[in-house]
Amino acid sequence: MRQTSRVITFLALFALLPSAAQAASYTYVVSAGDTLSKIAREHQITVDDIMQQNQLSSDRLSIGQTLTLSGAGATYVSAAAVTPEESNRETDSIPLENEDRSIGQKARVVADVLRVRQAPSMEGDLLGKLYYGNQVELLEHGTEWSKIRYDQDVAYVASEYLSLKDQDSDDVTDPDDIKRLEDLEKLVAPLLGTTYVLGGTTPDGFDCSGFTSYVFDKLGVTLPRTSEEQFLGGVSVSLDEAKPGDLLFYDALNKGRVSHVAIYLGNDRIVHANGDDVRYGKMEYMHKLYPFYGVKRYLSFE
């Protein structure tokens, strides 16, 4: 009887395997305590995947809200590649040895979205958000929480989503490329966080091609207005030969044509008007989300 029971249990489990393996998408109903990062971690997908698939404009969820999770659990993405919004840990910050060496040091955000809190706790009031690539000034670095300067105030973020090592120019070694990258960073820095506005071409609001046109105009280069037109111009360059200042093109609307453009910064980093605002991003991640059309060069590299 026991052996028969085992066989029946085995067969029942085996019968479930095909449907589980073939499930490309399914519906998830938001319950109390759910956040996008929590759902993403539990289903081994990314926050941006969920937002894109459900056309969400913010990370706010409502109890009972229905979400479509496509390809859930198909691929595990580590925090180093695509990170959730913030750490789940609720313990206080534990100072590191020789911690004072990090005071005043610049750190770079390596999370897609990193929440900034008033206190070193998950219960701390939310002051705002930082995005991938943003730089912050460290006032104190801890194992769990780091104290930073935020809009002239003191705030806290989860330490695991800060990189103390400046890796921006790791693969940019040519002096001219480094100078161009520095010039781009200076132009882009005050534009970060600018609201995304369809058809926008000024710091009051940008769309993707409006942003690239504005930045390149400051560099003395006039670009065509739309991403499609920008893709038709310039000089084609292989992705392996891309340099800071080159433009990368994608089909973000999945309509079989170019519909998005970003500025390449080197070392897998891009900057673009995407989603809600102008922000840094990862080239690798964009390639996972959208069809890639190619690289075009408008700046002189002679």
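Biologist: Why is Glu185 called buried?

Modeller: Glu185 has a relative accessible area of 17%, and buried means under 20% (exposed is over 50%, partly exposed lies in between, with a 1.4 Å probe and protein chains only), so the term applies to Glu185. This is a predicted model in which local features need pLDDT of at least 70 and side-chain atom pairs count only at pLDDT 80 or more, whereas totals for chains, interfaces and linings use all residues. Residues are numbered from 1 along each chain as its sequence is written, and side-chain values use heavy atoms, with hydrogens and water left out.

Biologist: How do you know that Glu185 forms a salt bridge with Arg269?

Modeller: The closest N and O atoms of Glu185 and Arg269 are 3.2 Å apart, and a salt bridge requires a side-chain nitrogen of Lys or Arg within 4 Å of a carboxyl oxygen of Asp or Glu, so the pair qualifies. Glu185 sits in helix H4 and Arg269 in strand E15, 84 residues apart, so that distant parts of the chain are linked (helices, H or I of at least four residues, and strands, E of at least two, are DSSP runs numbered from the N terminus). Arg269, at 2% relative accessibility, also counts as buried.

Biologist: What makes Arg297 and Asp246 a salt bridge, and where in the chain do they lie?

Modeller: Their side chains meet at 2.9 Å, N to O, which is within the limit for a salt bridge. Arg297 belongs to strand E17 (residues 292-297), while Asp246 lies in the loop between strand E12 (235-237) and E13, 51 residues apart. Arg297 has a relative accessible area of 17% and Asp246 is at 0%, so each counts as buried. The whole structure holds eight salt bridges, among them the pair of Arg279 and Asp277, at 2.9 Å from N to O.

Biologist: Why are E12 and E16 described as standing at the edges?

Modeller: The open sheet of six strands has the order E12-E17-E13-E14-E15-E16, with antiparallel pairing, where two strands pair if DSSP finds at least two bridges between them. E12 and E16 each have a single partner strand, so one side of each is left without a neighbour in the sheet.

Biologist: How do you know that E13 and E17 are joined?

Modeller: Four bridges join these antiparallel strands, and pairing asks for at least two, so E13 and E17 count as paired. Leu247 stands opposite Lys296 in E17.

Biologist: Which residues touch the most other members of the largest nonpolar core?

Modeller: Of its 25 residues, these are Phe211, Val215, Phe216, Leu247, Ile263, Leu265 and Val271; such a core is a set of buried Ala, Val, Leu, Ile, Met, Phe, Trp, Tyr and Cys residues joined through side-chain atoms within 4.5 Å. Elements that give two or more residues to this core include helix H5 (208-218) and strand E14 (260-266), and the largest share, four residues, comes from H5.

Biologist: What makes the pair of Phe206 and Phe211 edge-to-face?

Modeller: Rings of Phe, Tyr and Trp (its six-membered ring) pair if their centres lie within 6.5 Å, and planes under 30 degrees apart count as stacked, over 60 as edge-to-face and the rest as tilted. By this rule there are five aromatic pairs. For Phe206 and Phe211 the centres are 5.6 Å apart with 70° between the planes, so the pair is edge-to-face. Phe206 is at 0% relative accessibility and Phe211 has a relative accessible area of 0%, so both rank as buried. Ring pairs link Phe206, Phe211 and Tyr214 into a cluster.
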